[in-house]
Amino acid sequence: TTVPYHWRDTWRFSAGATYRISDAWLVRGGLAHYQSAIRDDADRGARLPDAPKLWFTLGARYDWKPGDLWFDAALTYVDAQDASIRQ
C-alpha cells in the first residue's frame, strides 16, 4: 500500500546569542520555531506524528586553560504542539 503524506515546504526560524561573563565563562541561548511539513490532521499518521515545535536552548562554556582545555554544556527543550491524528 501507499500512504500519501502530502508534505509541504517549511521554514525553521532561529536566533541565538553569546555573552562572555568573564575571561573564563561564556553563556549562550537560543530560540527556534519549526513549522510542520504536514498540512492537517488527515495527513498526519502514527508513523510520522509531526507537529510545529518551539526549541529553547541554553549553554555555557568554561575555559579551564584558555586555548588548551575547555568544557561545554548545553540543554535543549523542545515544546511540540499537540498533533491530533484523524485516520
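Me: What does it mean to call a residue buried?

Reply: A residue counts as buried when its relative accessible area is under 20%, as exposed when that value is over 50%, and as partly exposed in between. In this structure, which is a predicted model, buried residues make up 18% of the 87 residues in the chain.

Me: Which elements does the chain contain, and in what order do they run from the N terminus?

Reply: One begins by counting helices and strands. Here there are 0 helices and 4 strands, and the order from the N terminus is β-β-β-β. The radius of gyration is 19 Å, well over the 12 Å that the globule rule gives for 87 residues, so the chain is more spread out than a compact globule. Along the principal axes, the C-alpha atoms fill a box of roughly 60 × 20 × 20 Å.

Me: How many bridges join β1 to strand β2, and in which direction do the two run?

Reply: Bridges show which strands pair and how they run. Strand β1 covers residues 12-20, and 9 bridges join β1 to β2 (residues 25-34) in an antiparallel arrangement. The two strands form a hairpin, with 4 residues between them.

Me: What can be said of β3 and β4?

Reply: Strand β3 (residues 53-65) and strand β4 (residues 69-80) also run antiparallel, joined by 12 bridges. Within this pair, Thr57 stands opposite Thr76 of β4. The hairpin of β3 and β4 has 3 residues between the strands, and Gly67 takes a positive phi near 90° there.

Me: How many residues of β1 are buried?

Reply: The count is 0 among the 9 residues of β1, a strand that is hardly covered. Phe13, which lies in β1, may serve as an example. Its relative accessible area is 49%. Because the partly exposed class ends at 50%, Phe13 is partly exposed.

Me: Which residues does Phe13 contact, beyond its neighbours within four places in sequence?

Reply: Phe13 is in contact with Leu31, Ala32 and His33 once those neighbours are left aside. His33, in β2, is the residue that stands opposite Phe13. A further comparison sets sequence beside space: Phe13 and Gln35 are 22 residues apart in sequence, while their C-alpha atoms are 8.8 Å apart.

Me: How many positive and negative side chains does the chain have, and what does its surface expose?

Reply: There are 11 positive and 11 negative side chains, and the centres of the two sets lie 2 Å apart. The chain exposes about 6,800 Å², of which carbon and sulfur atoms supply 57%.

Definitions and conventions. Residues are numbered from 1 along each chain as its sequence is written. This is a predicted model: local features need pLDDT of at least 70, side-chain atom pairs count only at pLDDT 80 or more; totals for chains, interfaces and linings use all residues. Side-chain values use heavy atoms; hydrogens and water are left out. The radius of gyration is taken over C-alpha atoms; the globule rule is 2.2 Å times the number of residues to the power 0.38. Buried means under 20% relative accessible area, exposed over 50%, partly exposed in between (1.4 Å probe, protein chains only). Accessible areas come from the Shrake-Rupley method with a 1.4 Å probe; for residues, only the protein chains shown count as cover. Lys and Arg count as positive and Asp and Glu as negative; His and the chain ends are not counted. The place of a charge is taken as NZ of Lys, CZ of Arg, CG of Asp or CD of Glu. Contact means heavy atoms within 4.5 Å. Two strands pair if DSSP finds at least two bridges between them.
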